[in-house]
Amino acid sequence: MSASPLPVITVPIALDERSYDILIAPGLLDAASSWQGLPKAASALIVSNETVAPLYLERVRAQLGRHYARIETVVLPDGEQHKDWASLNAIIDKLLSTASDRKTVLVALGGGVIGDMTGFAAAIYMRGVPFVQVPTTLLSQVDSSVGGKTAINHPLGKNMVGAFYQPQRVIADLDTLDTLPPRELSAGLAEVIKYGPIADAAFLDWIEANLNALLARDKAALAYAVQRSCEIKAWVVGQDERESGIRAILNFGHTFGHAIETGMGYGEWLHGEAVGCGMVMAAELSVRLGPMPAEFAARMRRLIERAGLPVVGPKLGTERYLELMRVDKKAEGGEIRFVLIEAMGRAGMHSAPDALVAEVLDHCTA
Ligand SMILES: O=C(O)C(=O)C[C@@H](O)[C@H](O)[C@H](O)COP(=O)(O)O
Ligand SMILES: [Zn+2]
């Protein structure tokens, strides 16, 4: 007996006139309904990368061809090291050289790097054109395609140049996870794990119980992981679109993680790997600063390791870590602000003495 097909899950993002839906299911790329009701325009531009384009670009082009008279494409090099001005320029050049107008719809087909850059290009081209996220990695389906953070990196800091700009729709086809390299799957799991300690203790229990199924790419398990992650993100972003408060909790593990990414050179560690290791460090700091019990840090370390993620950070040197973290967007007046866990399922912003951070770095790097 064959398993019954998974239904299309819709998670709404409620942001007044900027509201949109996240669609989650296998088979969405080829389903006509995924593409209906997008903004009308004469043309669309698909932005993808050299890894994803050979797999899915023609299928997306075929669907868009039913709605737009002209479909342009731009295929960029793959990797975090290419989330830069050169790639952004390539998108803008393509838009201008094909006489794209203010209604042209940009379609981001790829992972977080493609999504962030396409969104940023959409935000600035002619002061704003519509865009659609078609995330093809677990990380982008559970996190980066949702909520409207768009950016490129700067050699001195991660995501330092960008804009808040919401997509019109997110189309998360779970079948695209079939082709994901294991390292990328693990990287996506880091952002899934993040949602437990910051917002939903029961979800953390569920992840622990279902991690083997997720690693084996069980579709029903993946569907629930993507759905619950998006629901939590929708709840947070719906309250604080531009991160003046609670949205910062989505940065759990990122203060240390961004320092690792920038310090190592973009692309050396995947974003999710750096976040996984950064969560081990942030959990340690949550314990040392209190009130989390030592068992919390041990639990996070075990889960993150089981997910295939690094739990030991690179030895960049304490001073270098501190220097990098002082540039972080959450720092205020040069004081580093960490997202720490206050109780299972609850996070808040905290500063910490440099000496305590140094202890954590000593403990968690090699
Ligand atoms: O959407 C958010 O808000 C997040 O913080 C999600 C993060 O996982 C994501 O990596 C984000 O791009 C980081 O944002 P930044 O503002 O710290 O650059
Ligand atoms: Zn992240």
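**Figure 1. Close-up of ligand 1 and the side chains around it in the predicted model.** In the side chain of D143, an N or O atom lies 2.6 Å from an oxygen atom of ligand 1. A polar side-chain atom of N159 is found 2.8 Å from an oxygen atom of the ligand, and for H271 the corresponding distance, again from a polar side-chain atom to a ligand oxygen, is 3.0 Å. In total, 14 residues surround ligand 1, and the closest of them are D143, K233, R247, N251 and K329.

**Figure 2. Close-up of the salt bridge between K194 and D143.** D143, whose side chain also approaches an oxygen atom of ligand 1, forms a salt bridge with K194, and the closest N and O atoms of this pair are 3.1 Å apart. The pair links distant parts of the chain, since K194 belongs to helix α5 (residues 182-199) and D143 to helix α4, with their positions 51 residues apart in the numbering. Counted by the rule applied here, the model has 28 salt bridges.

**Figure 3. Close-up of the interface between domain 1 and domain 2.** The protein chain is divided into domain 1, covering residues 9-179, and domain 2, covering residues 182-364, and the C-alpha centres of these two domains lie 25 Å apart. At the interface, 36 residues of domain 1 are in contact with 38 residues of domain 2. The size of an interface is often given as the accessible area lost when the parts come together; here the area buried between domain 1 and domain 2 is about 3100 Å², and carbon and sulfur atoms give 65% of it.

**Figure 4. Close-up of the salt bridge between E241 and R18, with the polar features of the domain interface.** Seven salt bridges are found across the interface of domain 1 and domain 2, and 16 residue pairs are in polar contact across it. In the salt bridge that E241 forms with R18, the closest N and O atoms are 2.5 Å apart. On the side of domain 1 that touches domain 2, the elements giving two or more residues are the strands β1 (9-13), β2 (20-25), β7 (149-154) and β8 (157-164), together with helix α4 (138-144). Sorted by class, this side of domain 1 has 19 nonpolar, 10 polar and seven charged residues.

**Figure 5. Close-up of two backbone features, at P291 and at A99.** Most residues other than glycine have a negative phi, and most peptide bonds are trans. The bond that joins G290 and P291, however, is a cis peptide bond, with omega at about 10 degrees, and P291 is placed in the loop between α9 (271-289) and α10 (294-306). A99, a residue other than glycine, has a positive phi near 50 degrees, and A99 lies in the loop between α2 (85-97) and β5 (105-110).

Methods. Residues numbered from 1 in each chain as written. Chains lettered and ligands numbered in written order. Predicted model: local features only at pLDDT ≥ 70, side-chain atom pairs only at ≥ 80, totals over all residues. Heavy atoms only, no water. Domains from an automatic or database assignment. Contact = heavy atoms within 4.5 Å. Buried area = accessible area lost by both parts, 1.4 Å probe. Salt bridge = Lys/Arg side-chain N within 4 Å of Asp/Glu carboxyl O. Polar contact = N/O pair within 3.5 Å; in protein donor to acceptor, adjacent residues only side chain to side chain. Helix = DSSP H or I, 4+ residues; strand = E, 2+ residues; numbered from the N terminus. Nonpolar A, V, L, I, M, F, W, Y, C, P; charged D, E, K, R; others polar. Near = heavy atom within 4 Å.
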